[in-house]
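Me: I would like a close look at a single part of this protein. Please keep the answer plain and stay with what the model shows.

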Amino acid sequence: MEKDGKYVYCIIASTYECNFGAIGIGGRGDLVNTIGFQGLSMVVSDHPLNHFVLNPDNILAHQRVIEVVMSQFNSVIPVRFGTVAATPDEIRNLLDRRYGELSELLERFENKVEYNLKASWRCMIDIYKEIDKEHVELKQLRREIEGLKDEEKRKLLIVEAGHIIENELQKKKEVEAYEIVTYLRKTVVAHKHNKTTGEAMFMNTAFLLNKGREVEFDNIMNDLGEQYKDRSDYYYTGPLPIFNFIDLRILPEKWEL
C-alpha cells in the first residue's frame, strides 16, 4: 500500500486545531485539517506521497480548499500547488525554522483578497482603424504599397507595416490598461499585470484589495462597463486567494512533487 504524506494548501495563524471537512484534493474525501506550531498552522490533508496528478480537478480542489479557509480566517497565505510533505513533524520543523518570516507574511497580508480582471475590445476593426488614423508612417507605407509593382519590395513593405501595427497595438493595450488601473488606484493596494492572449484582450490583471472594499471595486467596474459599453468588455472574478502576490516555496525541493 502506498504511503500517505500531507498535502499543503495554505498557512494561517491559529492556536487551535481546525477541521474544514472532507474536501481534500484527489477525490478520496480526505479530511482537511491543520498541523500547528506555536500559533502558526499549515492547512493539510492526507495524500499519496509519490503520486500527484496535475489536472484541472486538482487545481480547482486546491483553490476551493483555500477559499473555504478564507471564509473563516482573515489572513491566509496560499502555498504553491503540488506541495506534499512526508510527515507532520517535517511541517512542524519548517514552521519552527521559518516562524518569523511566515508570521510577517500573515501580518502583511491580513484582510487582503485578490480580484482578477480581464478586458477585451469588442470590435478589432475599429481598433485597427484607430491605429491607421493615428500613425503617419503607417499611412505613408500603405500608399507606397498600393503604388508598388515590384512584388518582392511590396512583400517587404507589407511585413514592415505588419510590425508597425503589432507594435502600435501593444502600445494601445498598455495605454488602455493603464487607464483602468488609474480608475482603481485609490481602491486597490497593488496590482500585477499578467500575459494577455489574443489580439482583442488588452488587460489581464490581478488586483490586491483590503477586505471591505469589494463593493467599491464592483461599483467602479460597473461604471467602467457602462462608460465603455460600446468599446470594451470586462470580466472579473473575486474575492480569490492571493496567488498572484505570493509564490511561496515553503518546503525543500524534495517535498514539491
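In which strand does Ser232 lie, and what surrounds that part of the chain?

Reply: The model is predicted, and everything below is computed from it. Ser232 lies in strand S10, which covers residues 232–240.

Start with the residue itself. Ser232 has a relative accessible area of 4%. That is under the 20% cut-off, so Ser232 counts as buried. Leaving out residues up to four places away in sequence, Ser232 touches Ser120, Trp121, Arg122, Glu176 and Phe202.

Next, the sheet around the residue. Strand S10 belongs to an open sheet of four strands, in the order S8-S9-S7-S10, and the pairing is antiparallel. S10 and strand S8 (190–193) stand at the edges of this sheet. Each has a single partner strand, so one side of each is left without a neighbour in the sheet. From one strand to the next, the twist averages 20°. As a general point, strands of a sheet pair through backbone hydrogen bonds, either parallel or antiparallel.

S10 is joined to strand S7 (residues 112–121) by seven bridges, and the two strands run antiparallel. Within this pairing, Lys118 stands opposite Tyr235 in S10. Two of the contacts of Ser232, Ser120 and Trp121, fall in the range given for S7, residues 112–121.

Another contact of Ser232, Phe202, leads to the largest pocket, since Phe202 is among the residues that line that pocket. The pocket has a volume of about 160 Å³. Its lining also includes Gln170, Lys173, Glu174, Ala177, Tyr178, His193 and Asn204. Helix H6 (151–184) and strand S9 (201–210) each supply at least two lining residues. The largest share, five residues, comes from H6. By class, the lining has four nonpolar, six polar and two charged residues. Glu176, which Ser232 also touches, has a number within the range of H6, 151–184.

There is also an enclosed space to consider. The count comes to one cavity of 30 Å³ or more. About 60 Å³ of space lies in the largest cavity. Its lining is made up of 13 residues, and the closest to its centre are Met70, Ser75, Val76, Lys112 and Ile242. Lys112 has a number that falls in the range of S7, residues 112–121. By class, this lining has nine nonpolar, two polar and two charged residues.

To return to the part asked about: Ser232 is buried, and its strand, S10, stands at an edge of the sheet, with S7 joined to S10 by seven bridges.

How values were computed: Residues are numbered from 1 along each chain as its sequence is written. This is a predicted model: local features need pLDDT of at least 70, side-chain atom pairs count only at pLDDT 80 or more; totals for chains, interfaces and linings use all residues. Side-chain values use heavy atoms; hydrogens and water are left out. On a 1 Å grid over the protein atoms alone, a cavity is a set of points where a 1.4 Å probe fits but cannot get out, and a pocket is an open set with protein on both sides within 12 Å along at least five of seven lines; lining residues have an atom within 4 Å of a point. Grid points are joined across faces, edges and corners, and a volume is the space filled by probe spheres set on the points. Ala, Val, Leu, Ile, Met, Phe, Trp, Tyr, Cys and Pro count as nonpolar, Asp, Glu, Lys and Arg as charged, and the others, Gly among them, as polar. Buried means under 20% relative accessible area, exposed over 50%, partly exposed in between (1.4 Å probe, protein chains only). Contact means heavy atoms within 4.5 Å. Two strands pair if DSSP finds at least two bridges between them. Axes are lines fitted to C-alpha atoms, for helices over the stretch in contact, and angles run from 0 to 180 degrees between N-to-C directions.
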